[in-house]
Amino acid sequence: MAAYLARRLIESLLILLGVSFITFFLLYVLPADPVRQIAGRSATPETVQIIREQLGLDQPFIVQYGRYLGGLVQGDLGRSYLQKTEVAELVWSRLPATLLLMVAAIFCELLIGVTLGVVAALSRGRPLDHVVMVGSFVAVSAPQFVVSLLLLYVFAVKLGWFPIGGYGTFAHLVLPALTLGLLGSGWYSRMMRSSMIDVLRQDFVRTARAKGLTRGRVILRHALPNAILPIIAMIGIDIGVFMGGIVVVESVFGWPGIGQLAWQAIQRVDIPIIMGVTLVSATTIVLGNLLADIICPMIDPRIKLR
Amino acid sequence: MATGVRMTDATVVSRSRPASAWRRLLRRKLAVFGLVLIAIVVVGAVFAPWIAPYAPEEQHFDGLTIEGAPLPPGGAYPMGTDLLGRDLFSRILFGARTSLIIGVVANGLALLIGTLVGITAGYFQGWIGAGLMRFTDLMMAFPALLLAICLAAIFEPSLWIVAMVIALVNWVQTARVIYTETTSLATRDFIAAERTMGAGTGRILFRHILPHLVPTIIVWGTLGISTTVLLEATLSFLGVGVQPPTPSWGNIIFENQTYFQSAPWLVFIPGAAVLLLALAFNLVGDALRDVLDPTQRGRG
Amino acid sequence: MKKLLASTALALALTLPAMAQDYVPDPNALSGGNITVTYKDDVATLDPAIGYDWQNWSMIKSLFDSLMDYVPGTTDLRPGLAESYTMTEDGLTYTFKLRPGVLFHNGREMTAEDVKYSLDRVTNPATQSPGAGFFGSIAGFAEAMDGSAKGLSGVTVIDPLTVQIQLSRPDATFLHVMALNFSSVVPKEAVEAAGDDFGKMPVGTGAFSLAEWTIGQRLIFSKNANYWREGVPYLDSVTFEVGQEPVVALLRLQNGEVDLPGDGIPPAKFTEVMADPAQAAEVVEGGQLQTGYITLNVTIPPFDNVAVRKAVNMAINKDRIVQIINGRAVPATQPLPPSMPGYTEGYAGYAYDPEAARAMLAEAGFSDGFETDLYVMNTDPNPRIAQAIQQDLAAIGISANLQSLAQANVIEAGGAGTAPMIWSGGMAWIADFPDPSNFYGPILGCGGAAEGGWNWSKYCNADLDAMAVTADSMADPAQIADRMKMWSDIYMGVMEDAPWVPVFNEQRFTMRSPRMGGDDSLYVDPVSIPVNYDYVYVTE
């Protein structure tokens, strides 16, 4: 296990290095000049050139990347081109909000998705199954913006149960987490249903039933742990989705996550911020998937770590 | 989805007769309903120039109120008009072309790559599997939107670029799920039994493991239709993919989503179209699986 | 001597129509209270040398002061930190007498040294100020910008309350430049203590000081009790909440949680709000020193042909475009907005006439039309407007492919000169100061036509450039009418060459909570964009 972990951690570092290289390269070839954004509309070509030199953007790609890596090893993510603030400060101050929302949203997805998936599998072919199926398709087909705003309108503005956006208390968390949970639950419920149906057909479940165990006990103790395997993989994927873009939900609910930071930085080619956000989210994603790979064998001992 | 069906064809159908499978499929009401829906969309897309009452990009002077608000469904515009006074019905019909290609081709391609990578990595021990999965992790951790912006700046925006980007981004997720399932399947007794009986790798993979993955593939393929159709809109917004005024279901929703209270038809009609298309493929996919899977005969 | 100086200043000031009348304090204004303002985008910085965004422009105006200022709600200059000033007859030397006893937020008294330090800082290339170019007329600017000199040689401290600024050429816009955010006076010790983080811990002399900043969530400004202007600000504090979707901000306003939606009324809600008399009563409409235009790249065929450019001008149905954005603009005939001095009254521009446009195009040898690209920034309503333009062009046979891209990519294509046509919306020119010259130099003059410049038409007319230089050297207030006539002629010359299609001048529509008081003009302040926080108040 320790050897496995060590190897995976080294591999993870290599992945992050790869991500940083590709991202930096894409930003280098991107036909949008950050210096133009900094220098303003009335700058002369000479001023632009001076700023370019100050930022080292006149250097060849490999030198620029080397400098960036050099800073990175010392824990320095650099300063934003446009805000002049330390990128680390900008990212760290927003990361907790993103992680909190992510954990809460995944919890909601699991709660809604797994429950509905099991219910649908057990009532396969009956009306309840169809209702769950249609519901899951509605969830994945619905545009985030509309759902977020509808929930906000009904539960916060009309009913007044929750604050209209913001961050800080549990009440603030409920609506955005629920929105993401509802939208994402479609995937979980469909996966859970199909996985559950597959497991219920397998011999060991039939054997358990034949041994006289009650249906409920068989489902909870035997079928569920086996069926949940693909769901663990789903969580790993979900982390990627969440780190990649929940800008819409963040801005509707006024949630101070890194999505909004990244979006604004991309619009204005603020390279240090884009790099910082990418690396932090890549780290989260890589660790999340590593965790998923470690948890799977714990649930299904037949799978070996490798 | 399309690929999911094709792979099943290649593996399981060889045992049952395709003609009878087709007949069994047509016996299922839900499957027929799904087929009819798909047929309607395909016909609408192919014959859009003849069916559509107007050109999809024509901005009608009487298509807006004096204040510049769009018109609700009815009258000369059966589904109402959009924010530029264009006929929504015509735009939905023409938009079906883009969205079908994205939902079926791009999504199918992603599914194909994802399944191949996932099944290979999951079944083979050692460096092949580890290597493939680390590559998957890399792709997942990589900012896809940034890639899209770069591609947009390098290439002329086109439908095929957006299809490529979607395939490039979306196979990763399928690969992860298929990988996890395959690792579990590979350790099951019946696979071990096949192996001791001297079955070849290809036979085990395609005859025994793949059929067990079909339900997962169907889930990902059909839900993926909705998400890719919506993803296409985000990519168009960033300059990849179809540019305005060419309609797609995704960009109709995207352009108008802030107006969902004042002009709900602009969001809910294309939204329903996306939903029904994905649902139709799911109904057909589910039925096909049951029809083709010998262990399932007479059930479901 | 001192008395004489003051009276000369007064005499000069009176001849400037811009200094006509100072603000009359609102007799109903009440002191106290807090208001909540929302913005979608985060505040990048509060450093006056750096900040150049919609949301931080008037925030910085409330935290800092410059030598000059504007009468609230108007475009009329008034003295700021300078109590008075004199200008020599050749227009080359300005002497500013500072107000005594003005305190920075850190308690220290502001002196002439701070003025010099601030101007040196903004023109120091290490500061990377996007506003440095505005100071080009000060002697020693070029040396300061290329790093060969430390500071501006033209700025000298005469005594602790007197600063003299020497220009290298007469500059009629100089007093406006001295009123820009970039000219704000900052205390050296605070800037040096904060280093690059000064934008996060600003210290100025303004009506408010920064009390709290939670990144990505909120900023709180609190009243500067020692503010040198009597009686203002009225509010005890202002809370800015950032990261708020405009539609949600409006919902919160309707719910009584927000007093001012900083991004205005979102298009999707506009008709709904205007249809409800109670809500419409809280809507404030105001002009804006802004023009939305299409640039036609004169270096790319067939736009190198003036007949083609004129035909395009005649092909655009501006009324229809205004209708599409719910009437929130007025059709434009020329580059300058109507409320800008120098605007040519009575000029009809190129009237909408697709028939004539088609004929003109045919005459120029394009009877079959041609294909081209129209670049547009990807935020609503710009792609919609571009599609309307596209349809108008199609009507005269021009097939324009849309390139809807992120802002930075459009600016890049414009600067590099690879974009044949650009719809300027979202990046459009909002005047930095209310003077016609501000619409010329970087966006229509030869200087901006260089690689990377903001003159996306790459239009360069040496005669007009020479006229512009002459006009801007007419610094004597007595020449103001001649100067404005000259600017009017320059823009008429531009229209003759038609490198732009001026499409509309945006009107600003914003909303406030019923408890907010103060003149309407403060909520659509043409200079303190978007809202003048110093003079608004709450009625409860």
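Which residues in H13(A) are buried? Before selecting that helix, please note that the structure on display is a predicted model. The predictor assigns the complex an ipTM of 0.89 and a pTM of 0.89.

**Stop 1: helix H13 of chain A**

Select residues 258-267 of chain A, which form helix H13. The buried residues in H13(A) are A:Ile258, A:Gly259, A:Gln260, A:Leu261, A:Ala262, A:Ala265, A:Ile266 and A:Gln267. The helix is thus mostly covered, with eight of its ten residues buried. Extend the selection just past the end of H13(A) to A:Val269, where phi is positive, at about 45°.

**Stop 2: chain A as a whole**

Now display the whole of chain A. Its secondary structure consists of 14 helices and zero strands. The C-alpha trace spans about 85 × 55 × 30 Å along its principal axes. Chain A has 306 residues, of which 59% are buried. Among contacts in chain A between residues at least 6 apart in sequence, 74% link residues at least 24 apart.

**Stop 3: the interface of chain A and chain C**

Add chain C to the view. Here 44 residues of chain A are in contact with 50 residues of chain C. The two chains bury about 4000 Å² between them, and 52% of this area lies on carbon and sulfur atoms. On the chain A side, select A:Arg41, A:Ile164 and A:Gln267; these lose the most area to chain C, together accounting for 20% of what that side buries. A:Gln267 has already appeared on this tour, among the buried residues of H13(A).

Next, select A:Arg79 and C:Asp197. They form a salt bridge in which the closest N and O atoms are 3.1 Å apart. The count of salt bridges between chain A and chain C is four. Polar contacts across this interface comprise 13 residue pairs, with both residues at pLDDT 80 or more. Several helices of chain A each supply at least two residues to the side that touches chain C, including H2 (34-39), H5 (87-122) and H13 (258-267). By class, this side of chain A has 22 nonpolar, 13 polar and nine charged residues.

**Stop 4: the start of chain C**

Colour chain C by pLDDT. The chain averages 91, and 96% of its residues score at least 70. Residues 1-20 should be inspected separately: over this stretch the pLDDT is below 50, and beyond near neighbours in sequence the stretch has 23 contacts in the model.

**Stop 5: the interface of chain B and chain A**

Finally, display chain B together with chain A. How many residues does each chain bring to this contact? Chain B contributes 64 residues and chain A contributes 60. About 5400 Å² is buried between the two chains, 71% of it on carbon and sulfur atoms. In chain B, select B:Arg134, B:Leu146 and B:Leu223, which lose the most area to chain A and together make up 12% of what that side buries.

Keep B:Arg134 selected and add A:Asp293. These residues form a salt bridge, the closest N and O atoms being 3.6 Å apart. Between chain B and chain A the count of salt bridges is five. Among the elements that give two or more residues to this side of chain B are H6 (127-141), H8 (159-186) and H10 (201-237). Of these, select H10(B), which supplies the largest share of the side touching chain A, twelve residues. The residues on this side of chain B divide into 33 nonpolar, 21 polar and ten charged.

Technical notes:
Residues are numbered from 1 along each chain as its sequence is written. Chains are lettered from A and ligands numbered from 1 in the order in which they are written. This is a predicted model: local features need pLDDT of at least 70, side-chain atom pairs count only at pLDDT 80 or more; totals for chains, interfaces and linings use all residues. Side-chain values use heavy atoms; hydrogens and water are left out. Contact means heavy atoms within 4.5 Å. Buried area is the accessible area (1.4 Å probe) that two parts lose on being put together, summed over both. A salt bridge is a side-chain nitrogen of Lys or Arg within 4 Å of a carboxyl oxygen of Asp or Glu. A polar contact is a pair of N or O atoms within 3.5 Å; within protein, one must be able to donate a hydrogen and the other to accept it, and residues adjacent in sequence count only if both atoms are side-chain atoms. Helices (H or I, at least four residues) and strands (E, at least two) are DSSP runs, numbered from the N terminus. Ala, Val, Leu, Ile, Met, Phe, Trp, Tyr, Cys and Pro count as nonpolar, Asp, Glu, Lys and Arg as charged, and the others, Gly among them, as polar. pLDDT is the predictor's confidence in each residue, from 0 to 100. Buried means under 20% relative accessible area, exposed over 50%, partly exposed in between (1.4 Å probe, protein chains only).
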